[in-house]
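Hello,

Please find the structure below. My notes on what was found in it follow directly after.

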Amino acid sequence: MRTAPFFLAAVLAASATAAIAVQAPPPVAPEARNVALGALTLTPVRDGANIAPNDGKVFGLDVGPAAVAAFLRAKGLPTDAIPLNVGGLLVRGLPGRVVLIDTGNGPTKGGQLMASLARAGVAPGAVTDVLITHGHGDHIGGLVDAAGRPAFPRATIRMSAPEWAYVRTQGSSSAIARGIAPRVRTFAPGAAVLPGIVAVPLRGHTPGHTGYRISSRGRSLLDIGDTAHSSVVSLGHPEWTMGYDGNKPLAERTRVAELARIAGTGMLIFAPHFPYPGIGRVVRSRPGYAWQPALR
Ligand SMILES: [Zn+2]
């Protein structure tokens, strides 16, 4: 597993400190790989990695760490923590637009998003639109630079109206909210956000959690945001309770229903927390589903 050295280092670090929900992100190399979708070029831009300890507070709250460990062991994986990729999705090829969906942990947490964008040949000032799936720190942290100024000085920042209302009430993101407020434009859940990009309400994770369906020339891909966090645990057991979900029963119902729809249609998805680059398909498996990367 490519993240193993970071993973082990983080687990060792974690054992030396108190148990907290998310450990300090281990360093990762910037990455930006291009995938064609119709006339568009999609580029997952890597920001970092988060480590979710198997402590009964993140995955499988309803079944407990032993059941989660047994499932991971059966997959041949370490049982004490679950590594999660962090990153965004760059969309190029829409007329007059350079679009970025989500911005990662941000520069104060070692985020590599800007270096990944540079690899893709995109300067921050060239980004016209930043679309946000939801207001958690690993998605909006990169909206501002280390000094709290907008990281994408020309971009309009778009998120659903209920999500912006939620972000503004969160003390942990108040500095980010202040920094971006003049540039934010909200949309109604389910709205057409840009030509070729439609918002898809994926309810439960946060009040206005939104996926984005990107379409071009008869092809499409759905950015599922945090509908599923782990390509192993969330797909194998979508019915297990997830600690990061704000409304846990609603998020569970959404995850179960969406994965059935995604697997049933064979649609291409991008999942920011799945192993980089996080583009692929969900296929039926026992139990639940399995991840089929479109590229490795
Ligand atoms: Zn997240």
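Arg 261 has a relative accessibility of 30%, so it counts as partly exposed. In this predicted model, the side chain of Arg 261 meets that of Glu 258 in a salt bridge, with 2.8 Å from N to O. Glu 258 has a relative accessible area of 13% and is therefore buried, since buried means under 20%. The two residues sit in helix H8 (residues 248-265), and because they are three residues apart there, about one helical turn separates them.

Salt bridges with shared partners also join Glu 31, Arg 33 and Arg 46 into one network. Within it, Glu 31 and Arg 46 form a salt bridge with an N to O distance of 3.6 Å. This pair links distant parts of the chain. Glu 31 belongs to the loop between helix H1 (4-16) and strand S1 (35-37), whereas Arg 46 is in strand S2 (residues 40-53), 15 residues apart. Glu 31 and Arg 46 are both buried.

Another salt bridge is formed by Asp 145 and Arg 149, whose closest N and O atoms are 3.1 Å apart. Is Arg 149 buried or exposed? Its relative accessible area is 52%, so Arg 149 is exposed. Asp 145, with 22% relative accessibility, counts as partly exposed. The count for the model comes to seven salt bridges.

Next, a charged residue without such a partner. Asp 223 is buried but has no salt bridge. How far away is the nearest side chain of opposite charge? That side chain belongs to Arg 261, and the distance is 12 Å. A salt bridge needs the side-chain nitrogen within 4 Å of the carboxyl oxygen, so a distance of 12 Å does not qualify. Asp 223 is placed in strand S11 (residues 219-223). A polar atom of the Asp 223 side chain lies 2.9 Å from the backbone nitrogen of Gly 225. Leaving aside residues up to four places away in sequence, Asp 223 touches Leu 89, Ile 101, Thr 133, Gly 211, Tyr 212, Phe 270 and Pro 272.

On the record: UniProt, in an unreviewed entry, places the feature "domain: Metallo-beta-lactamase" at residues 85-273. In the model, the end C-alpha atoms of residues 85-273 lie 4 Å apart. The span is 26% helix and 25% strand.

Back to the surroundings of Glu 31. Ser 116 lies in helix H3 (residues 113-119). With a relative accessible area of 0%, Ser 116 is buried. The side chain of Ser 116 reaches the backbone nitrogen of Glu 31 at 3.0 Å. Which residues does Ser 116 touch, not counting those up to four places away in sequence? They are Pro 30, Glu 31, Ala 32, Val 45 and Arg 46. Glu 31 and Arg 46, the salt-bridge pair described above, are thus among the contacts of Ser 116.

Two distances along the chain can be added. The C-alpha atoms of Ser 116 and Arg 185 are separated by 26 Å, and these residues are 69 residues apart along the chain. For Ala 49 and Gln 112, 63 residues apart along the chain, the C-alpha atoms are separated by 10.0 Å. Ala 49 is found in strand S2, and its relative accessible area of 7% makes it buried.

Regards

Methods. Residues are numbered from 1 along each chain as its sequence is written. This is a predicted model: local features need pLDDT of at least 70, side-chain atom pairs count only at pLDDT 80 or more; totals for chains, interfaces and linings use all residues. Side-chain values use heavy atoms; hydrogens and water are left out. Buried means under 20% relative accessible area, exposed over 50%, partly exposed in between (1.4 Å probe, protein chains only). Lys and Arg count as positive and Asp and Glu as negative; His and the chain ends are not counted. A polar contact is a pair of N or O atoms within 3.5 Å; within protein, one must be able to donate a hydrogen and the other to accept it, and residues adjacent in sequence count only if both atoms are side-chain atoms. Contact means heavy atoms within 4.5 Å. UniProt positions are given in the numbering used here, feature names are shortened, and annotations may be inferred rather than shown by experiment.
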